[in-house]
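Thank you for making time this morning. Please have the sequence and the model open side by side while I talk, and stop me whenever a point is unclear.

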Amino acid sequence: MKLQKIMLDGGFSCPNRDGHVGTGGCTFCRTDAFNPSYCRSSNTIREQVEAGKRFFAGKYPDMKYLAYFQAYSGTYAPLDILRQRYEEALSVEDVVGLVIGTRPDCVGDDVLHFLSDLKKKGFLISLELGIESFYDSTLKRVNRAHTVQDSLSAIHRCADAGIDTTIHLMIGLPGETREDILAETDIINRLPIHAIKLHQLQILKGTAMAKEFTRNPEDFYAMSIDDYVELVATFISRLRKDIRIERFAAAAPANLIIAPHWGLKPGEVQRKIEEKLQ
Ligand code: SF4
């Protein structure tokens, strides 16, 4: 049996955009780079899941689905709204679980209890936490509006609730050197996480970071594809062996990218990293 994630837009917002903790958002963020074509927040959750199932129909003979709340902060709403949206997704035939992307400062104990109960009922439940960096100086610089302590607290509380946890980390944020990035593996190896998604910093048109990059390009670690492959291979070789690698590189739409221009799809970057690891 194959599991396929179906991306959904749950109509959630982000506390770093709606004024709760900030208004400008993270300096690298461009939310329209998130969603695939079948995913429209104007449709109900059920309609989005059904559209996703049609999109992937026939990919494998025996498929089940995970409802993937990726856009914005997928736990940022009162519990009764979250419950209604998650349960609507789980009510669609062949949906066997949830993957929920969110910020570390949006993971309340009430949500964790609810997700833990869903897991006990037999659903596959996974949270993806946007950590991005384990340096407060970097988080401040890119206007994340949460701290490393928020990240550590969320990771430990997810583990205490028995939730499978994936962390996102961005490679190449301004101010971080190669050594800074590699040193993060020492922190990660001590944390009760299950998986990691790595992605290169992509500077996208229309973001605050694009302006910063234009003003001070020397502040950014301009990685060639070979630099990135070597760095990620070294990073992975230092990680605890039970940590799954769920992503090796990101891919925003090419017409939005200012830098870097590698001309490779994520799968091609992954192959280069795998070759390097071997
Ligand atoms: S990256 Fe996530 S947390 Fe940051 S502004 Fe965008 S949606 Fe909000």
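Let me begin with Glu 212, which in this predicted model has a relative accessible area of 12% and is buried, because anything under 20% falls in that class. The side chain of Glu 212 takes part in a salt bridge with Arg 141, and the closest N and O atoms of the two are 3.2 Å apart. That pair links distant parts of the chain, since Glu 212 sits in helix α7, residues 208-215, while Arg 141 belongs to helix α4, with the two positions 71 residues apart in sequence. Arg 141, for its part, is partly exposed, at a relative accessible area of 31%. There is also a network to point out, in which salt bridges with shared partners join Lys 5, Glu 128 and Lys 197.

As a general reminder, side chains of opposite charge can pair when their charged atoms come close. In the whole structure there are 14 salt bridges, and I would like to go through two others.

One is between Asp 94 and Lys 64, whose side chains meet at 2.9 Å, taken from N to O. Asp 94 is in the loop between α2 (79-90) and β3 (95-102), and Lys 64 is in strand β2, residues 63-69, so this pair ties together parts of the chain that are 30 residues apart in sequence. Both partners are partly exposed, Asp 94 with a relative accessible area of 27% and Lys 64 at 23%.

The other joins Lys 120 and Asp 117, where the closest N and O atoms are 4.0 Å apart. Here both residues lie in helix α3, residues 109-120, three residues from each other, which is about one turn of the helix. How exposed is each of these two partners? Lys 120 counts as exposed at 67% relative accessibility, whereas Asp 117, at 39%, counts as partly exposed.

Let me turn to the backbone, where two residues other than glycine have a positive phi. For Glu 132 the phi angle is near 70 degrees; this residue lies in strand β4, and with a relative accessibility of 6% it counts as buried, because that value is under the 20% limit. For Asn 143 phi is about 60 degrees, and the residue is placed in the loop between α4 (136-141) and α5 (148-160). Asn 143 is partly exposed, with a relative accessible area of 31%.

Still on the backbone, which two residues are joined by a cis peptide bond? They are Ala 259 and Pro 260, and omega there is about -5 degrees. Pro 260 itself is found in the loop that runs between β9 (257-259) and α9 (266-277).

That region brings me to the second largest pocket, which has a volume of about 240 Å³. Its lining is made up of 16 residues, and those closest to the centre of the pocket are Gln 202, Ala 252, Ile 257, Gly 263 and Leu 264. Sorted by class, the lining of this second largest pocket consists of eleven nonpolar, four polar and one charged residues.

On the surface, I would also draw your attention to a nonpolar patch formed by Met 1, Leu 3 and Leu 124, which together have about 310 Å² of accessible area. Of these, Leu 124 lies in strand β4, residues 124-132, and is partly exposed, with a relative accessible area of 44%.

Finally, here are two C-alpha distances that you may wish to check in your own viewer. Glu 47 and Val 92 are 45 residues apart in sequence, and their C-alpha atoms are 9.6 Å apart in space. Glu 47 is found in helix α1, residues 45-56, and counts as partly exposed at 41% relative accessibility. The second distance concerns Arg 17 and Thr 27, which are ten residues apart in sequence and 11 Å apart in space, again from C-alpha to C-alpha. Arg 17 is in the loop between β1 (2-8) and α1, and is partly exposed, with a relative accessible area of 29%.

Notes
Residues are numbered from 1 along each chain as its sequence is written. This is a predicted model: local features need pLDDT of at least 70, side-chain atom pairs count only at pLDDT 80 or more; totals for chains, interfaces and linings use all residues. Side-chain values use heavy atoms; hydrogens and water are left out. On a 1 Å grid over the protein atoms alone, a cavity is a set of points where a 1.4 Å probe fits but cannot get out, and a pocket is an open set with protein on both sides within 12 Å along at least five of seven lines; lining residues have an atom within 4 Å of a point. Grid points are joined across faces, edges and corners, and a volume is the space filled by probe spheres set on the points. Ala, Val, Leu, Ile, Met, Phe, Trp, Tyr, Cys and Pro count as nonpolar, Asp, Glu, Lys and Arg as charged, and the others, Gly among them, as polar. Patches are made of residues with over 30% relative accessible area and no salt bridge: like charges are joined within 9 Å, nonpolar side chains (Val, Leu, Ile, Met, Phe, Trp, Tyr) within 5 Å. Accessible areas come from the Shrake-Rupley method with a 1.4 Å probe; for residues, only the protein chains shown count as cover. Helices (H or I, at least four residues) and strands (E, at least two) are DSSP runs, numbered from the N terminus. Buried means under 20% relative accessible area, exposed over 50%, partly exposed in between (1.4 Å probe, protein chains only).
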